Amino acid sequence: VRSSIQIARAARHADLGFRIAVHSGNPRVDENDLLGHDVNIAARLLEYCKPGEVVVTDDAKQRAARRLKKIRWPSSKRINVRGARSPILVHSLV
C-alpha cells in the first residue's frame with residue numbers, strides 16, 4: 001500500500017491530459033444531476049477531444065462570442081456525434 005505522500009509525489013510528475021468539451025443547451029435538472037440531450041452531446045464530444053484540448057460547439061461559441069473574441073481557434077471541423085440529427089461544427093483549442 002502506497003502512502004499518500006508517495007501518491008502525491010508521483011502525481012506531481014504525471015502528465016495529466018485533461019479534455020474539456022463545451023456545448024450549450026437546456027439540461028434537465030434532477031436534484032444534483034444534469035440530464036438530457038444537450039448533456040449527452042457534451043459528453044460525447046469528449047470522444048473527439050485529445051488530451052490537453054478544449055472543444056467548443058459553434059452554438060456555445062456564438063453564445064459566448066463577446067467573451068471569447070480574443071481567443072484564436074486554430075481548427076474547426078464538422079463531426080458526426082451519436083444522438084445528433086446532423087454533423088456538429090466544433091472549434092478546437094489546444
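Trainee: Does Arg63 count as buried or exposed here, and at what relative accessibility?

Mentor: Keep in mind that this is a predicted model, so the value is computed from predicted coordinates. Exposed means over 50% relative accessible area. Arg63 clears that cut-off, so the residue counts as exposed, at 61%.

Trainee: Which side chain does Arg63 meet in a salt bridge?

Mentor: Look within helix H3, residues 58–63. The partner sits four residues away from Arg63, about one turn of the helix. The N to O distance is 3.5 Å, and the partner is Asp59.

Trainee: And how exposed is Asp59?

Mentor: Partly exposed is the class between under 20% and over 50%. Asp59 counts as partly exposed because its relative accessibility is 36%.

Trainee: How many salt bridges does a search of the whole structure find?

Mentor: We've just met Asp59 and Arg63, whose side chains form a salt bridge. For the whole structure, the search comes back with a count of one.

Trainee: Sticking with helix H3, is Ala60 buried or exposed?

Mentor: Ala60 has its place in helix H3. Its relative accessibility is 8%, and buried means under 20%. So Ala60 counts as buried.

Trainee: Which residues does Ala60 touch, leaving out those up to four places away in sequence?

Mentor: His91 makes a handy spatial reference: it is 31 residues from Ala60 in sequence, with the C-alpha atoms 9.9 Å apart. For contacts, leave out residues up to four places away in sequence. What Ala60 then touches is Val22, His23 and Ser24.

Trainee: Where is Thr57, and what is its relative accessible area?

Mentor: Thr57 is found in strand E4, residues 54–57. Its contacts, not counting residues up to four places away in sequence, are Val22, His23, Ser24, Leu45, Ile88, Leu89, Val90 and His91. Thr57 is buried, with a relative accessible area of 1%.

Trainee: What about the chain overall: what share of its residues count as buried?

Mentor: The fold has four helices and six strands, running α-β-β-β-α-β-α-α-β-β from the N terminus on. The chain exposes about 7,500 Å², with carbon and sulfur atoms supplying 51% of that. Of its 94 residues, the buried share is 19%.

Trainee: Among contacts between residues at least 6 apart in sequence, what percentage join residues at least 24 apart?

Mentor: Take contacts in the chain between residues at least 6 apart as the base set. Within that set, the part joining residues at least 24 apart is 60%.

Trainee: Which residues gather in the patch of positive charge on the surface?

Mentor: Start from Lys70, in the loop between helix H4 (65–68) and strand E5 (75–79). Lys70 is exposed, with a relative accessible area of 77%. The patch is made up of Arg66, Arg67, Lys69 and Lys70.

Trainee: Which residue other than glycine has a positive phi near 55°?

Mentor: Go to the loop between strand E2 (28–30) and strand E3 (33–35). The residue there counts as exposed, at 73% relative accessibility. With phi near 55°, it's Glu31.

Trainee: Last one: what distance separates the C-alpha atoms of Ala43 and Ile20?

Mentor: Ala43 is in helix H2, residues 37–45, and is partly exposed, with a relative accessible area of 45%. Ala43 and Ile20 are 23 residues apart along the chain. Their C-alpha separation is 9.4 Å.

Notes: Residues numbered from 1 in each chain as written. Predicted model: local features only at pLDDT ≥ 70, side-chain atom pairs only at ≥ 80, totals over all residues. Heavy atoms only, no water. Patch = residues over 30% accessible without salt bridge, like charges linked within 9 Å, V, L, I, M, F, W, Y side chains within 5 Å. Areas by Shrake-Rupley, 256 points an atom, 1.4 Å probe, with all protein chains shown as cover. Salt bridge = Lys/Arg side-chain N within 4 Å of Asp/Glu carboxyl O. Lys, Arg positive; Asp, Glu negative; His and termini not counted. Charge placed at Lys NZ, Arg CZ, Asp CG, Glu CD. Helix = DSSP H or I, 4+ residues; strand = E, 2+ residues; numbered from the N terminus. Buried < 20%, exposed > 50% of the residue type's maximum accessible area, 1.4 Å probe, protein only. Contact = heavy atoms within 4.5 Å.
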